[in-house]
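Colleague: Let's go through this model together. I will ask how each label is earned.
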2 protein chains.
Amino acid sequence: MPVKLKRQTRIKELLSTYIVSNQEDLLRLLKKEGFEMTQATLSRDFAELGVVRVFTDGGIRYILNAEESGKQIAKLIGFEILSVQHNESMIVMRTLAGRAQGVAHFIDRLNKEEIIGTVAGDDTVLVIPNKVVSMQIIIDFIKKLMTESPQHRNK
Amino acid sequence: MPVKLKRQTRIKELLSTYIVSNQEDLLRLLKKEGFEMTQATLSRDFAELGVVRVFTDGGIRYILNAEESGKQIAKLIGFEILSVQHNESMIVMRTLAGRAQGVAHFIDRLNKEEIIGTVAGDDTVLVIPNKVVSMQIIIDFIKKLMTESPQHRNK
DNA sequence: GTATAATATCCATATATTTGTATAAATAAA
DNA sequence: TTTATTTATACAAATATATGGATATTATAC
């Protein structure tokens, strides 16, 4: 159990439970819980987790940004995709057993205009492009999902 | 793009496309594609990916084992869970925005006897235990998902 | 069983990641 | 603005991971 993962898991929990408006406060909390770390590390954790500063009526608040952390999920989802093939009219992805629904749901949520729908079985997902020329765009995107590296600072 | 990830991605693809009955054959294929590696590395990759040897009517074949790689997915799913809370009768998980359905689906597929059902919104999943005493078992399990480390050799 | 082939692992090394310190850069307050 | 506060980053050290060579272990064939 890498300490980094435990720490980041706890950070996500704390952010979803408490109102955090600066790194020092959260740092104090984490230290009190036994995490040995500095502000520099917390800053890096925020970047990796996709934590953003938002201005609410109650002042500044740090929250997990869906779009940012979505990038991370994308990489995780890619792990579940085994192959992509296609014919003249549609794309077929093979996934780990039982994961087609989960992968398809993720794809659906992207609301990509090139994709008009998906159908998922147990380990197979059909992806229907809006037009033939969109096919390559979609395939490139999926291949990227498959090979993108996890936990990677976006500078 | 860590070479390891690219390589393992390609291994998954190849295994789902071709019949592979020994490591040397696959090794040759991978080397031909430009991966610089040895059998030792391939052996370790198989272990990490959850690749297993099965006896088919056509002889031995290496395939991705759903149960084994399921352990990996579990760790990936854990990333999407932000917190777990409960009252007297049910458990509530918060997830990253838009990921509740995906997480719930994963939980459903586990067919745990302690869980009689889940209901998911956008970022919230209700988990209904079969009895009150199951609650702690379920919570412990979910917490484990949340902190379990990714990519970790199971010796 | 024994021989052969295939795979896993020990050890050493190369490579990459994580982190703290110090400080620069950015943001908010005055 | 100018100052104070907060956050991000360059650099270096520590830590962890990945990998090849050699070989032990395991599985298959005989």
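Modeller: By class, the surface near DNA strand D of this predicted model holds seven nonpolar, seven polar and five charged residues.

Colleague: What makes a residue nonpolar, charged or polar here?

Modeller: Ala, Val, Leu, Ile, Met, Phe, Trp, Tyr, Cys and Pro count as nonpolar; Asp, Glu, Lys and Arg count as charged; the others, Gly among them, are polar.

Colleague: Why are residues called near DNA strand D?

Modeller: Because the C-beta atom, placed from the backbone, lies within 6 Å of the strand. 19 residues surround DNA strand D, and Asn22(A), Gln23(A), Ala40(A), Ser43(A) and Thr41(B) are the closest.

Colleague: Which element gives the most to that surface?

Modeller: H3(A), with five residues. Helices here are DSSP runs (H or I, at least four residues; strands are E, at least two), numbered from the N terminus.

Colleague: How many residues of chain B are in contact with chain A?

Modeller: 33 residues of chain B touch 33 of chain A. Contact means C-beta atoms, placed from the backbone, within 7 Å. The chain B side has 14 nonpolar, twelve polar and seven charged residues.

Colleague: Where does pLDDT stay under 50 in chain A?

Modeller: Over residues 149–155. pLDDT is the predictor's confidence in each residue, from 0 to 100. Chain A averages 86, and 90% of the residues score at least 70.

Modeller: Residues are numbered from 1 along each chain as its sequence is written, with chains lettered from A and ligands numbered from 1 in the order in which they are written. Local features need pLDDT of at least 70, side-chain atom pairs count only at pLDDT 80 or more, and totals for chains, interfaces and linings use all residues.

Definitions and conventions
Two residues are in contact if their C-beta atoms, placed from the backbone, lie within 7 Å.
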